[in-house]
Amino acid sequence: MFRLALPVLRASSCRRSFSTAQTVLAGHNKWSKIKEKKGVNDAQRGLLLSRVARDIAIAIRTGGSADPNLNSSLAAVIKKAKEQDVPKDNIERAIERAQGKNKKGEVVTYEALSPDSVAIIIMSD
C-alpha cells in the first residue's frame, strides 16, 4: 500500500501577525491634500477681492468721482489691484457697486397694519 507523504505544518508558520495599523494605499489622500491647499488659496483670494472692492468704494466716496482720471486715490487703488492680478470684471463690478448703479440684491422692507390690527411685513428685491 501506498503512503502519502504530507508536509508537516508547523504552528509558527501558520500564524499571522495581528496589526491594528490602518493600511495605506498609494494615492488615496491625493485629493485631500489638493483640497486643503485649494481651500486655503481660495480663502486668501476671496479676502483679496473683497479688500480691493472695499478700497475702491472708499476711494470713490472720498475722491468724489468714479473716473480714475479725476480721482487719484481711485487710480492708485486700481493700479494696486492690477498688480495683484485682480480681474478687470471684478474691478468694474466694484466701481458700479460703489456708485450705486448695481442695485441687485438690495432688499426693501415695508411694514403695515391691516384691519383688525394684523401686522404685515412685505419684502421686495
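Strand 2 gives the largest share of the nonpolar surface patch: three residues. The patch itself covers about 410 Å². Its members are Val108, Tyr110, Val118, Ile120 and Ile122. Two elements, strand 1 and strand 2, each give two or more residues to the patch. Keep in mind throughout that this is a predicted model.

Take one member of that patch. Val108 sits in strand 1. Is Val108 buried, partly exposed or exposed? Its relative accessible area is 31%, so Val108 is partly exposed. A residue needs over 30% to enter a patch at all, so Val108 qualifies with its 31%.

Now the link between the strands. Strand 1 covers 108–114 and strand 2 covers 118–124. Asp116 is in the loop between them. Ser117 is in that loop too. Look at the backbone here. Asp116 has a phi near 65 degrees. Ser117 has a phi near 55 degrees. Both values are positive, and neither residue is glycine. Why point that out? Because most residues other than glycine have a negative phi.

And the accessibility of this pair? Asp116 has a relative accessible area of 75%, so Asp116 is exposed. Ser117 comes to 65%, so Ser117 counts as exposed as well. The cut-off for exposed is over 50%.

Step back to the whole protein. There are four helices and two strands. Reading from the N terminus, the order is α-α-α-α-β-β. The protein has 125 residues, and 14% of them are buried. The accessible surface comes to about 11,300 Å². Carbon and sulfur atoms hold 55% of that surface. On contacts: take those with a separation of 6 or more. Of these, 33% join residues 24 or more positions apart.

Next, the inside. How many residues does the largest nonpolar core have? The answer is 15. The residues with the most contacts inside this core are Val52, Ile56, Ile60, Leu74, Val86, Ile91 and Ile95. Helix 2, helix 3 and helix 4 each give two or more residues to the core. Helix 4 is 88–99. Helix 2 gives the largest share, six residues.

Ile91 is a good one to click on. Set aside its neighbours within four places in sequence. Ile91 is then in contact with Ile56, Ile78, Ala81, Lys82 and Val86. Ile56 and Val86 are also on the list of core residues with the most contacts.

Now to the loop between helix 2 and helix 3. Helix 2 is 30–63, and helix 3 is 72–83. Two loop residues deserve a stop: Ser65 and Asn71.

Ser65 first. Its relative accessibility is 18%, so Ser65 counts as buried. The cut-off for buried is under 20%. The Ser65 side chain reaches the backbone nitrogen of Asp67 at 3.1 Å. Beyond its neighbours within four places in sequence, Ser65 is in contact with Ile60, Leu70, Asn71 and Leu74. Ile60 and Leu74 belong to the core list we just went through.

Then Asn71. Which way does Asn71 fall, buried or exposed? Its relative accessible area is 3%, so Asn71 is buried. The Asn71 side chain reaches the backbone oxygen of Ser65 at 2.8 Å. So what else does Asn71 touch? Leave out its neighbours within four places in sequence. Its contacts are Ala59, Ile60, Gly63, Gly64 and Ser65. Ile60 is therefore a contact of both loop residues, by the 4.5 Å criterion.

Last item: charge. Side chains of opposite charge can pair when their charged atoms come close. How many salt bridges does a search of the whole structure find? One. The partners are Asp42 and Lys38, at 3.2 Å from N to O. Both lie in helix 2. They are four residues apart, about one turn of the helix.

How accessible are these two partners? Asp42 has a relative accessible area of 44%, so Asp42 is partly exposed. Lys38 has 43%, so Lys38 is partly exposed too.

To recap. The nonpolar patch draws on strand 1 and strand 2. The largest core draws on helix 2, helix 3 and helix 4. Ser65 and Asn71 are tied by a side-chain to backbone reach of 2.8 Å. And helix 2 holds both partners of the salt bridge.

Conventions: Residues numbered from 1 in each chain as written. Predicted model: local features only at pLDDT ≥ 70, side-chain atom pairs only at ≥ 80, totals over all residues. Heavy atoms only, no water. Buried < 20%, exposed > 50% of the residue type's maximum accessible area, 1.4 Å probe, protein only. Polar contact = N/O pair within 3.5 Å; in protein donor to acceptor, adjacent residues only side chain to side chain. Patch = residues over 30% accessible without salt bridge, like charges linked within 9 Å, V, L, I, M, F, W, Y side chains within 5 Å. Areas by Shrake-Rupley, 256 points an atom, 1.4 Å probe, with all protein chains shown as cover. Salt bridge = Lys/Arg side-chain N within 4 Å of Asp/Glu carboxyl O. Core = buried A, V, L, I, M, F, W, Y, C linked by side-chain atoms within 4.5 Å.
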